[in-house]
Amino acid sequence: YMGYQEGEIIRDHDVALSYVLTYYEECIPSFQGLPDAAKKAILFTQSKLQFNHGWFVQAEAPPGAMLSTFKRVLGSNEASSD
């Protein structure tokens, strides 16, 4: 999953959250109760963008590190209108 092998401990909290939301959404009832479109939007930001909101809000990273994945996803077919 996202570069991790089966049985490997996911130490990145964003990747771990994405994994739980993808495979065990029943563990987070507030997520499970959302409409499918909202779930897709949340998973998109957590999985594909790998966007660190903390870095962004606190200006802890240079723009290239913060926005390179965002730019790549927008320029590819990974970002769909739904």
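Helices (H or I, at least four residues) are DSSP runs, numbered from the N terminus. The structure described here is a predicted model, in which local features need pLDDT of at least 70 and side-chain atom pairs count only at pLDDT 80 or more, while totals for chains, interfaces and linings use all residues. Residues are numbered from 1 along each chain as its sequence is written, and side-chain values use heavy atoms, with hydrogens and water left out.

Helix α1 spans residues 13-23, and its buried residues (under 20% relative accessible area, 1.4 Å probe, protein chains only) are Val15, Ser18 and Leu21. Viewed down the axis of α1, these residues fall within an arc of 125 degrees (taken from the directions from the helix axis to the C-beta atoms), so they line one face of the helix. At the N-terminal end of α1, Asp12 acts as a cap: one of its side-chain oxygens lies 2.8 Å from the backbone nitrogen of Asp14.

Ser18 has contacts (heavy atoms within 4.5 Å) with Tyr1, Met2, Leu43, Gln46 and Ser47, neighbours within four places in sequence being left aside.

On the surface, Phe56, Val57, Leu67, Phe70 and Leu74 form a nonpolar patch with about 500 Å² of accessible area together. Patch residues have over 30% relative accessible area and no salt bridge, and nonpolar side chains are joined within 5 Å. Helices α4 (53-58) and α5 (63-74) each supply at least two residues of the patch; α5 gives the most, with 3 residues.

| Residue | Helix | Relative accessible area | Class |
|---|---|---|---|
| Ser18 | α1 | 0% | buried |
| Phe70 | α5 | 35% | partly exposed (from 20% to 50%) |

How values were computed: A polar contact is a pair of N or O atoms within 3.5 Å; within protein, one must be able to donate a hydrogen and the other to accept it, and residues adjacent in sequence count only if both atoms are side-chain atoms. Patches are made of residues with over 30% relative accessible area and no salt bridge: like charges are joined within 9 Å, nonpolar side chains (Val, Leu, Ile, Met, Phe, Trp, Tyr) within 5 Å. Accessible areas come from the Shrake-Rupley method with a 1.4 Å probe; for residues, only the protein chains shown count as cover. A salt bridge is a side-chain nitrogen of Lys or Arg within 4 Å of a carboxyl oxygen of Asp or Glu.
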